[in-house]
Each structure stands twice: as structure tokens, then as C-alpha cells.
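User: Please take me through this structure step by step, starting with the protein surface that faces the nucleic acid.

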Amino acid sequence: MSETQTRKNEKPARSLNFIEEIIEEDIRKGKNDGRVHTRFPPEPNGYLHIGHAKSICLNFGLAEKYHGITNLRFDDTNPIKEEVEYVDSILEDVRWLGFDWEKRLYYASDYFEQLFEYAVILIKKGMAYVCDMPAEEISASRGTPTRPGKESPFRNRTVEENLALFMRMRAGEFPDGARVLRAKIDMTSPNMHMRDPVLYRIIHTSHHRTGNKWCIYPMYDFAHGQSDSIEHITHSICTLEFEVHRPLYDWLIREIGIYAPRQIEFARLNLSYTVMSKRKLLELVKENYVKGWDDPRMPTISGLRRRGYTPDSIRNFAEIIGVAKRDNVIDVSLLEFCIREDLNKRANRVMGVINPVKIIIDNYPETLVEEMEAANNPENPDAGIRKVPFTRELFIEREDFLEDPPKQFFRLAPGREVRLRAAYIIKCERVEKDSVTQAVTAIHCTYDLNTKSGMPDSNRKVKGTLHWVSAPHAVEVDVRLYDRLFVVPDPDNAEEGKSFKDYLNPDSLKEVKGYLEPSIRLAKSGDRYQLERLGYFSVDPDSTEKRLVINRIVPLKDSWAKTEKKN
RNA sequence: UGUCCGAUGGUGUAACUGGCAACACGUCUGAUUCUGGAUCAGAAGAGUCCAGGUUCGAAACCUGGUCGGACAACCA
């Protein structure tokens, strides 16, 4: 391969994002011996969504790029909210996205004993104390961002007393909420997180991994940074809201005297026409606005998977959107672009009609069945061809016929000719209508024998090409037409007195029948197809032997719809 | 009357770290096409939040504003 060819095949070098710049700088300085070790640290209290996908791709991607490794660690410090169901779904989602944590699956709860010892160190140094104030009082005495807080009356207990109390907390001598362990920092700090933050609280609840071993649990702030430290994470990448926590993590690590990872914060992903907070997604699930966490309308990874999105398309999306620190809202059309681009190359084509109207080809032999050859994927000759039966009676899309068409309409109309994809050119001769409703019930056409696809004289120019299906061969399937979940770009930003749920799209799911070519009988759950001229579809797991259910992932771009709208 | 972070076409990210703003999506033309898809060619669209300053030269550096976001769970 020549020099120039090599260059041409290379992707143009993308400039570094700010995190890569930091990492390369660290490597250059020989920090951590040039080692790069990241981690993805979800809390198992909900399903992962596309925003997490960004973080997953970032963490694993960075490690891959710099020949490092990535841990998967569950930050499971609150047994009240966490469940194994969520652990399992998260493992599946990360794996599905195509990432491998190898043997490095950890839990913050693995470190409970170690964390407890860290707490003891702080107590012995006089840097932590047991506080008996009830939650409301602690909260009230914390002050506000603009007003300093007041010191707890328990702040100056002796080391011995603190130690004894903390041991008794662990021993289960006190009820939930009776006491907490707090760091002794500065109640007047302009940073709220430095105002004697709670380190440990009493929760008599069984934990999904440690069972009833513990009745005191570390707060996230006391577990997260130290967990990263224990795992010798070099770069702790997290979202912007933890920027204010960083001084606390640094303080803890310094006082305890352990290895300090470098935390880098980036702006979380926002997507238009959806919501991303776990709380809101949970609400949609619990209140049955959707059919579950994996409802194809959800921005969850499991929802996108069920919808038919490919891991590649999501990873590419994560790459394309970039990483920075400013707030951002990515247009869903970019996500849609990514899945179209991917599926255009890999999805086989198939024909099917969703809103059928009958075509009768009057000059076609009544009993003849021709097997038309159609390319499985015009973008990829290797995909081969398939046979599609053609008969005298067909279905076409109702929208592909107009009795009185505008000049820009290239489809079927009285006296007009169109190409039937992979078959003949037909001409519309007359229509049959319902005497009452005046609706078109059948369209009578004639076909031109010499225009069969692939024949030497078949290249006569016609304006339009329609998809079709032989009426007697049509396979009836259930079609789920999905659309955006919300009707406004920013449902989070509800006006006064309204909630995000007031902006739910009533037409986000339309269930209709479809009539597909017989080759679809080979389809299995999870398969993806392009229904020609309609869009990309995936076979839903609800499908049975007897009946297929297909999901519309995304429609094809429709420039006709656009020009139609203009007029 | 706080602290921290941010501000570049409609959207998102760049600008080799001071040398007259680029890429992607979207939009619009045209070509081509047996998918009004795809592909190809091209166009419009920001003078970089504002005001000063440093400099031969500023999106970048400095100062002061403005606007936006985060922070007041015994959540993560």
C-alpha cells in the first residue's frame, strides 16, 4: 500500500478533548509511571441511560486509547435504594455496549471494613466526631450557601468518647438516625460540602451484598474518593456536579494519608425531546406512562437496545458529541443520524406495506407467480439477493397514490406510471371507490412486460419507485411505530404549575398492522431490517412463532414530507 | 449577598496553545439513483457574551461586568 493510500484510509486525526490533554500531560510528566486506570462507578439504583453510555464510552475509551484499564465498580453505599436487579441490568448494558472490565468488577461495599478503619484514623486524629443532633438540626445548622453554619455542640467530644460511640454505632446499639459521624472541618466554609459533612449514618437495613453485617453505612462522599484511591485509579472522571465535592475528597485523602487519584469533571449529556434523570425515568415506569425500563421510547440503554439501536451506533454517538465542561443539549437528530448511518450499511432490505391499498394489474395472468430478484442491500453486494413473489394483486402504500396529485408528486396517480421496486413499471388506469365513503378500494393498473428489473429494455425513466407486496403472499405482522416521547425539546423545563409529564407525546407509540414480503418469516428476535422507503425496524422479543412484532427504530429521511409541508 | 464552573453559526465540538474561525449534525441548492433513502458536488449561516487592557497581532492572556449552571439529603 502506498504512502498516499495509507493516508487516505486513515481517519483524520481528531484534536484532543480537554481530558485527553490532561492525561497526555500526566503521561508526559511521568505521573503514575504513565499508567492510565479509569473506572465506571454506577449506583445500582436504576437502569443506565444514554448519559451513562457517554460516561462508559469515555472511561473505557480513554483507557483503551492510552493502553490502560477500566474497573467497573458499584457505588453501593445506600442499601435502602439499591437492588440486585439493577446490578444485573447494569452489567448487561455495559457488556452489550461492548466493554470488558475483565476481572475487575468491584463494589464499594467490598471496602466497608477498610473505610471503617479510615474513619477511625480520622477520629483518632481529632478530625471526625460523633454528632447526636437529629437530621433536621444538622441541616438547619449547616447554614446556606451565603450564610455560614453553626458548630455542633458535640463537636468537641474527646477522641476516646468519639471512638467509643462510633464502635457502639457499629455494634448496633442505636436506632436509625440517632447519631452520625461527621468530619471536623469548617462550618464557615464557603463550600457547603466542607461544613462538617456526615461521614457515616445508621441504617438498620440489609445490604444486597453484605447482608446484615453492617448497620452503619458510609456516605457516598466518604466512600467514593477512597474507593478510587484503594483501586489506584489514576483519573477519576465524573460529571460537573461533583466539582464542588473535590475539595472534600482531597481533604479526606490527605488527612487519611492515602494515594490521591486525579478527579476530572465533564458536562453530562442532555438530549432533546427526552428526560434523563433517574427519578423522572423511574416515575414514567412506576406510573405506567411506558411499559418498563426497556420500553423502546426510553432513553435507557435497555430501551435503545430493544428499540433496535446497535452498540456501534451508540458508541459512535458518544464519540461524535465530544466532551467539554459547558452545558449542552444534543439534538436527538444526531442520535438518529448515527443509527441510520450504521444500519444503512448493515441492515438488509425488505419490502412491506403499513397502510395498504390494493393494486390489480389487469393485464397480468391471474394465476402467475413470478419470483423477483431483489438485492438484500444495495450498499453491500455481499449481502446477496432474495426472491420476492410477484402476482396480479398487490398492496402498495395508500400514501403512494393520489387521485389529484400536485406537480411535485412522483408517485402513482391516474394515467401515471411508476416503477415497482425490483419488478415492473405499471400504469394506473382507473380506480374503484366505495360508493358511500368515496374511499379508494382498489387501483387498476396495467404493466409493461418489457420493464422487468434487470431486463435490457427495463431502464425507461419513471419518476417514482414504489415498494409493494404480493397480496396473497403478504405476512401480517404487528408494527410498533415509535416517535419521540415528548412533544417539546426540553420537557425538564416545565412552565409554572406543569410537570414534565404534561409534555408527553400522546402519539409516541402507534400500534398498527403491517404486510411484509414472505422472506420475513426467517426473522429472529433482535434482527434489524430496512423496510424500503419506510425506515429501519427491529424484531421485538414479544414476537412469537406465529406472529412477528416489529419496532420502528427510526424512519428514513423523508424529503418529500419536507417539500409537502412547505406547500 | 457566598464559593466553584462555564460562555465560539440553529445544535455539538475544534482552532497545532497569540497568526485574520474549522469539522459534524441540521438547513438549502444541484447532480445522480429502480428506496423522494444512500452517494457526490456546492451554498448559506458565527466574527467567538459585553467593555476595557496587554500585543505588530487576541476566540485564546489580564481586569471588570453580564448571562447560564452547580452547591444548603443522615441520596449518589
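User: Which helices and strands each supply at least two residues of the surface near RNA strand B?

Analyst: This is a predicted model, in which local features need pLDDT of at least 70 and side-chain atom pairs count only at pLDDT 80 or more, whereas totals for chains, interfaces and linings use all residues. Residues are numbered from 1 along each chain as its sequence is written, chains are lettered from A and ligands numbered from 1 in the order in which they are written, and side-chain values use heavy atoms, with hydrogens and water left out. Helices (H or I, at least four residues) and strands (E, at least two) are DSSP runs numbered from the N terminus, and a residue is near a strand of RNA if one of its heavy atoms lies within 4 Å of it. The elements that each supply at least two residues are α6 (135-141), β6 (198-202), α13 (332-346) and α14 (559-566).

User: Which residues come nearest to RNA strand B?

Analyst: The surroundings of RNA strand B comprise 71 residues, and sugar and phosphate make up 63% of the atoms of RNA strand B that come within 4 Å of the protein. By class, the surface has 26 nonpolar, 20 polar and 25 charged residues, where Ala, Val, Leu, Ile, Met, Phe, Trp, Tyr, Cys and Pro count as nonpolar, Asp, Glu, Lys and Arg as charged, and the others, Gly among them, as polar. Those that come nearest are R349, R411, S453, Q530 and K562.

User: How far is a polar side-chain atom of R411 from a base nitrogen of RNA strand B?

Analyst: A side-chain N or O atom of N78 is 3.2 Å from a sugar or linking oxygen of RNA strand B, while a backbone N or O atom of F410 lies 2.8 Å from a base oxygen. Both are polar contacts in the sense of N or O atoms within 3.5 Å. For the polar side-chain atom of R411 and the base nitrogen, the distance is 2.4 Å.

User: How are helices α3 and α12 oriented to each other?

Analyst: The axes of α3 (residues 50-65) and α12 (residues 311-321) come within 9 Å and cross at roughly 75°, the axes being lines fitted to C-alpha atoms over the stretch in contact, with angles from 0 to 180 degrees between N-to-C directions. Angles under 35 degrees count as roughly parallel, over 145 as roughly antiparallel, 65 to 115 as roughly perpendicular and the rest as oblique. This makes α3, relative to α12, roughly perpendicular.

User: Is Y536 buried or exposed?

Analyst: Y536 belongs to strand β24 (residues 535-539) and touches, with heavy atoms within 4.5 Å, residues including R340, N344, R349 and Q530. A polar atom of the Y536 side chain also lies 3.4 Å from the backbone nitrogen of N344. Buried means under 20% relative accessible area, exposed over 50% and partly exposed in between, using a 1.4 Å probe and protein chains only. With a relative accessible area of 3%, Y536 is buried.

User: Which residue's backbone oxygen lies 2.8 Å from a polar atom of the side chain of T38?

Analyst: T38 sits in strand β1 (residues 37-40) and is buried, its relative accessible area being 0%. Among the residues that T38 touches are F60, A63, I233 and H235. The backbone oxygen at 2.8 Å from the T38 side chain belongs to N59.

User: What is the phi of Q438, which is not a glycine?

Analyst: Most residues other than glycine have a negative phi. Q438 is found in the loop between β17 (425-433) and β18 (440-448), and counts as partly exposed at 48% relative accessibility. The phi of Q438 is positive, at about 70°.

Terms used:
A polar contact is a pair of N or O atoms within 3.5 Å; within protein, one must be able to donate a hydrogen and the other to accept it, and residues adjacent in sequence count only if both atoms are side-chain atoms. Lists of a residue's contacts leave out its neighbours within four places in sequence.
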